[in-house]
Amino acid sequence: MEDVMETSNTRSEDGFTQVIRRGGRRAKKRQAGESGDEGHMDTVGAQPSKRPVFPPLSGDGLLGEKEETRKITVPANRYTPLKENWMKIFTPVVEHLGLQIRFNLKSRNIEIRTCKETKDVSALTKAADFVKAFILGFQVEDALALIRLDDLFLESFEITDVKPLKGDHLSRAVGRIAGKGGKTKFTIENVTRTRIVLADVKVHILGSFQNIKMARTAICNLILGNPPSKVYGNIRAVASRAADRF
């Protein structure tokens, strides 16, 4: 047996050549990448990355020299309320926010723009939201909260977006939202801590994000035909859970 093993070894050494296994394309790419990385690592030393330091910009730097302007269109049915409450709108926009405001009689737009006295970057957006809320039908006192607080928003939608109603069915949906003497609307406002305006088939809600969500859910349920008593119970339960959470 030993003689046989020795002869086989000699044959393998003499008669056959050693075959080197060659890899496919993936192996070649892998080898080329490793060799390239090694060469790159040899030539370029490891340098620690530095965080960029940006100094804080002042309000003047953010505003720049160019004046920004916002225009809010006034519908015909809001001319008289705007004329009666003009000083209540003019005073906080000019004195507190440092902006310039005027009513353009030709284009029927309220124009607001920045000036040298404007210090806050978000003043123009707050003023535009404040004026827009008044134009939509909110009281000036309620709309002023958009200037004083940062976490208040406006949301608008149409009743037909929830359910495609027509004729008397649409009128009944509006009646369910308002209630007798506005009772249902006032109840939703008080429970969800929002302000709601019903303008024909449009619904406008003013409040914080979470409160707007609760009020919108209640109004959508009324549009879909749920009785007010059931809607009251649902929003009170949601409001109590939200209060317990905070």
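**View 1. Helix H12 in the predicted model, end to end.** In this predicted model, H12 runs for 15 residues, and its first and last C-alpha atoms sit 21 Å apart, close to the 21 Å expected at 1.5 Å a residue. Plenty of its side chains are tucked away: Asn211, Ile212, Met214, Ala215, Ala218, Ile219, Cys220, Asn221, Leu222 and Ile223 are buried. After the helix comes glycine 225, with a positive phi near 110°.

**View 2. The largest pocket, with H12 as one of its suppliers.** This pocket holds about 220 Å³. Three helices, H11 (183-192), H12 (209-223) and H13 (228-245), each put at least two residues into the lining. There are 11 lining residues, and those nearest the centre are Arg193, Asn211, Ala239, Ala242 and Ala243. Asn211 shows up in View 1 as well, as one of the buried residues of H12. If you're sorting the lining by class, count six nonpolar residues, four polar and one charged.

**View 3. The second largest pocket, where H6 and E6 both contribute.** Here the space comes to about 170 Å³. Helix H6 (123-136) and strand E6 (202-207) each supply at least two lining residues. The full cast is Pro75, Asn77, Arg78, Ile135, Leu136, Gly137, Ala199, Lys202 and His204. By class, that splits into four nonpolar, three polar and two charged. Two of these names come back below: Arg78, whose charged end sits over a ring, and Gly137, which follows H6 directly.

**View 4. Helix H6, seen as a mostly enclosed rod.** H6 has 14 residues that should span 20 Å at 1.5 Å a residue, and its end C-alpha atoms are indeed 20 Å apart. Of those 14 residues, 10 are buried, so the helix is largely enclosed by the rest of the structure. The buried set is Ala123, Leu124, Lys126, Ala127, Ala128, Phe130, Val131, Ala133, Phe134 and Ile135. Just past the helix, glycine 137 has a positive phi of about 125°.

**View 5. Lysine 132, a partly exposed residue on H6.** Lysine 132 belongs to helix H6. Its relative accessible area is 45%, and since exposed means over 50%, lysine 132 counts as partly exposed. Have a look at isoleucine 110 too: lysine 132 is 22 residues away from it in sequence, but their C-alpha atoms are 9.5 Å apart in space.

**View 6. Two arginines over aromatic rings.** Arginine 78 places its charged end over the ring of phenylalanine 134, 4.8 Å from the ring centre. That ring belongs to one of the buried residues of H6, while arginine 78 also lines the second largest pocket. In the other close-up, arginine 108 lies over the face of tyrosine 79, and the distance to the ring centre is 4.7 Å.

**View 7. Tryptophan 86 and phenylalanine 90, a tilted ring pair.** The structure has two aromatic pairs. In the one shown here, the ring centres of tryptophan 86 and phenylalanine 90 are 6.4 Å apart with the planes at 40°, so the pair counts as tilted. Both residues sit in helix H5 (residues 86-96), four residues apart, which means about one helical turn separates them. Tryptophan 86 has 22% relative accessibility and counts as partly exposed. Phenylalanine 90 is partly exposed too, at 29%.

Conventions. Residues numbered from 1 in each chain as written. Predicted model: local features only at pLDDT ≥ 70, side-chain atom pairs only at ≥ 80, totals over all residues. Heavy atoms only, no water. 1 Å grid on protein atoms, 1.4 Å probe; cavity = no way out; pocket = protein on both sides within 12 Å on 5 of 7 lines; lining within 4 Å. Points joined across faces, edges and corners; volume = space filled by probe spheres on them. Nonpolar A, V, L, I, M, F, W, Y, C, P; charged D, E, K, R; others polar. Phe/Tyr/Trp six-rings, centres within 6.5 Å; stacked < 30°, edge-to-face > 60°. Buried < 20%, exposed > 50% of the residue type's maximum accessible area, 1.4 Å probe, protein only. Lys NZ or Arg CZ within 6 Å of the ring centre and 35° of its normal. Expected span 1.5 Å × (residues − 1).
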